Amino acid sequence: MSPRLPLRVQWARSSLPRRFASSSATSPEIYDVVCVGGGPAGLSLLTGLRASAVTSNLKIALIEGQDLQKNRLPQDAQLDRFSNRCSSLTPASVKNLQEIGAWSHANIARIQPYQEMQVWDGVSDARISFDWDSARSMLFPRKPTQPTTIAYMIENVNTTTTLLDRLTELGGVDILSSTKVDTIELGQNTEELDLSSWPILTLSNGRTLAARLLVGADGANSPVRTFAGIPSRGFDYNRHGVVATLRLEGPGRGGLDHKIAYQRFLPTGPIAMLPLPGNLSSLVWSTTPDRATKLKSLSPPDFSAMINAGFRLSPTDLDYLHTLPSGQADEIAWREKHMQVNESSLPMKVIDIQPGTVASFPLKMRHADTYTGDRVALVGDAAHTIHPLAGQGLNQGQGDAAALARTIKSAVETGQDIGSLLALEQYNSERYAENNAMLGVCDKLHRLYSIESGPIVGLRSFGLRAVDSLSPLKSFFMGRAAGV
Amino acid sequence: MASRSSSRAVHAFNRAFEQTSQRPLSKRQETASITALTIRCSSTASQSSAHSQSSVDPSEVSHFNNLAESWWDPHGPSRLLHLMNPLRHTFISRCLSTPFRSPLPQKLQYLDVGCGGGIFAESAARLPSTKSVTAIDPTPEVLKIAEAHRKRDPTLLQPGRLTYLNKSIEELSIPGAEKAKYDVVSLFEVLEHVSTPSSFLEQLMQHVKPGGWLVLSTIARTWTSWMVTNVMAEDVFGIVPKGTHEWSKYVNEEELREWFVKKGWGSDGGMKVMGVVYVPGMGWKEVPGGEGWGNYFFGVRKSA
């Protein structure tokens with residue numbers, strides 16, 4: 001393992017009195033688990049540890065730079081307004097949330113299960129549709145007890161509030177909210193105690209904590225990962241994800257009880273519309289940085305028209321529409337009069353954009369070389385960042401959290417030091433290959449659909465149609481997407 | 001045969017690293033044994049340093065550091081033992097979960113004989129169900145490793161939680177009262193190195209509380225050779241017809257069982273066995289019947 005470097009975190013506020021670099025000045029508070037980052041992955045891990053009798057004796061601290069209470073979803077949140085940061089939770093993730101007792105705390109009215117997925121090629125129009133009925137063969141029709149839900153659309157703030165509510169109910173975690181990590185250094189070997197393998201965290205509130213196991217749930221630029229000297233490799237896609245909360249002309253083609261997710265692969269990246277409760281929907285449009293800037297600058301009517309065009313018009317038409325300074329709504333209305341589209345296979349039209357929800361973020365692919373170091377484990381985005389086209393990022397983090405909780409549990413049961421590399425081995429081997437496969441598939445899909453012409457278009461269209469007509473294969477893909 | 005060669009490999013590791021010194025060694029033997037340990041554990045350390053008796057000799061300190069590092073290095077030469085350690089707890093739990101009329105207390109007292117660098121002793125001391133662990137090893141060098149590593153975990157420094165004693169089992173005084181004895185006496189990867197297993201086991205048995213368990217792990221083949229040369233002649237002689245040499249090559253866990261029955265131990269289901277095998281890439285796996293030919297765990301209860 002590469003040597004660990006003392007980390008000077010850049011965000012240390014200069015207004016604070018200067019602290020001693022050495023942690024030996026004061027003896028640190030000893031913790032079994034210190035989790036840096038109170039996002040969905042970190043919260044899920046700690047909730048899992050608190051929910052199990054085996055790990056409930058561990059002394060745990062959570063450090064989060066933001067104010068966790070302030071960022072909660074209000075109890076009386078209006079159902080006509082939704083956050084633009086949503087995720088598609090798989091049944092596997094939901095099952096884990098149920099097992100740790102969190103799911104019952106969720107604001108269910110704000111969660112939208114969907115039962116069907118329509119995916120098609122923007123160049124050739126080859127299409128694949130997913131639902132559990134068509135995924136089964138005629139000989140083995142779906143049993144009434146089997147699930148019909150492919151995944152659940154949920155605002156990230158709903159997920160974190162749900163987990164935080166459950167964690168508060170369980171109690172026993174020292175939650176250090178609005179607290180930043182100033183430094184992480186290795187401890188000292190003194191006469192009585194050898195903390196030379198223990199990460200010592202100096203916090204912005206003046207406390208110093210020693211971590212038997214330091215968990216990096218601290219996002220893509222993870223300071224914990226930097227401290228552990230674990231390299232993270234990858235690249236930028238030169239694409240941005242444009243997000244917005246959309247109001248449609250109706251609840252969707254299948255009504256309120258049969259919601260449909262749509263994704264169309266365009267040469268610049270996929271455009272996806274994922275159902276929210278009522279007439280609302282969530283947009284994720286991956287496109288070039290220039291076009292992302294352009295889309296964000298449009299008036300709500302022009303942007304709405306561009307989204308509708310993104311699901312209907314040809315890539316050539318879209319190229320042209322992006323060059324117009326404004327007036328896309330009129331231009332698209334004129335063009336639509338002159339072309340035939342089968343509206344029944346398309347999402348309902350966008351009629352408005354929720355104010356303040358249009359945003360974009362750069363798309364990256366990153367994967368840490370390993371998820372574990374001596375007394376360090378990485379979960380969620382600290383370990384991997386994925387192209388959002390399959391909506392797997394948050395689910396991977398939930399999978400990490402569940403696996404790490406299991407690993408810690410079995411280490412406690414057999415008296416192992418939960419921070420030792422040996423005890424953490426199981427977590428790394430369980431999650432690394434799984435996440436790597438998912439990162440690879442999503443990356444290859446992105447590359448495959450970036451191609452506009454030539455034999456690849458024919459081949460990928462053939463591939464989609466072939467998969468669509470083969471129930472067992474489709475069932476397999478759906479199982480992977482659902483995480484079952 | 002793959003299983004046999006892996007067993008052999010394990011045995012080599014065991015002999016070299018976990019317990020070098022459980023037999024009542026003479027001074028000369030002990031030095032030889034430590035030297036062997038030095039050579040295997042640390043190619044960089046000077047061999048002669050092992051003979052040095054001065055605790056401040058810099059070369060001995062460096063040798064000790066090298067040894068300590070490799071003992072606890074998860075990818076070092078003790079890796080197979082580290083990987084086996086969770087199974088020891090699995091097996092002990094299985095023994096302890098057998099229902100008996102007189103149950104053991106909620107918090108258990110352990111005696112780990114031949115603790116080496118403390119792989120098992122540390123893990124036993126961390127369990128919430130543990131009251132105390134006394135771990136003994138007659139080799140001062142390995143106990144230094146154990147003591148140094150214990151300092152890395154504040155939990156283990158709680159008073160009475162884990163006590164290392166630089167003693168052989170013969171030197172450990174036998175408590176007068178039965179109640180003051182141990183709930184679990186463990187002997188992992190030691191028996192195959194003991195020159196007179198029967199008298200050695202008899203020593204251990206005196207430290208087990210009525211209703212408590214003596215738990216050990218060893219390897220069938222090695223046990224075989226010791227049995228054949230020692231116990232067979234002394235103890236099993238009456239059970240095994242004299243002259244069955246072909247059969248005696250494969251003396252295994254059965255002989256252990258019969259020996260304990262003869263001692264009046266392990267009646268009413270108070271005897272457990274678990275065969276294990278190391279599968280590269282998968283770790284240690286339980287194999288029913290594996291006790292007949294490979295590594296195995298053996299647990300026997302002292303009647304209450």
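# Reading an interface, a salt bridge and a helix pair

Visitor: How many residue pairs are in polar contact across the interface of chain A and chain B?

Guide: The rule finds 9 such pairs, with both residues at pLDDT 80 or more. A polar contact pairs N or O atoms within 3.5 Å; within protein, one must be able to donate a hydrogen and the other to accept it, and sequence neighbours count only if both atoms are side-chain atoms. Helix 10 (393-413) and helix 11 (421-448) of chain A each supply at least two residues to the side touching chain B. Helix 11 of chain A gives the most, with 3 residues. That side of chain A divides into 6 nonpolar, 7 polar and 8 charged residues.

This is a predicted model: local features need pLDDT of at least 70, side-chain atom pairs need 80 or more, and totals for chains, interfaces and linings use all residues. Residues are numbered from 1 along each chain as written, chains are lettered from A in written order, and side-chain values use heavy atoms, without hydrogens and water.

Visitor: What area is buried between chain A and chain B?

Guide: About 1500 Å², with 55% from carbon and sulfur atoms. Buried area is the accessible area (1.4 Å probe) lost on putting two parts together, summed over both. The contact (heavy atoms within 4.5 Å) takes 21 residues from chain A and 18 from chain B.

Visitor: Which side chains meet B:Arg152 in a salt bridge?

Guide: Side chains of opposite charge can pair when their charged atoms come close. Here A:Asp194 meets B:Arg152 at 3.7 Å, N to O. The rule wants a Lys or Arg side-chain nitrogen within 4 Å of an Asp or Glu carboxyl oxygen. It finds 3 salt bridges across this interface and 30 over all chains. A:Arg110 forms one with A:Glu155, closest N and O atoms 2.8 Å apart. A:Arg110 lies in the loop between helix 2 (91-99) and strand 5 (112-114) of chain A, and A:Glu155 in strand 8 (residues 151-155) of chain A, so the pair ties together parts 45 residues apart in sequence.

Visitor: At what angle do helix 7 and helix 9 of chain A cross?

Guide: Two packed helices are described by the angle and the distance between their axes. Helix 7 (residues 300-312) and helix 9 (residues 328-337) of chain A cross at roughly 35°, with axes within 8 Å. The contact residues include A:Met306 of helix 7 and A:Ile332 of helix 9.

Technical notes. Axes are lines fitted to C-alpha atoms, for helices over the stretch in contact, and angles run from 0 to 180 degrees between N-to-C directions. Helices (H or I, at least four residues) and strands (E, at least two) are DSSP runs, numbered from the N terminus. Ala, Val, Leu, Ile, Met, Phe, Trp, Tyr, Cys and Pro count as nonpolar, Asp, Glu, Lys and Arg as charged, and the others, Gly among them, as polar.
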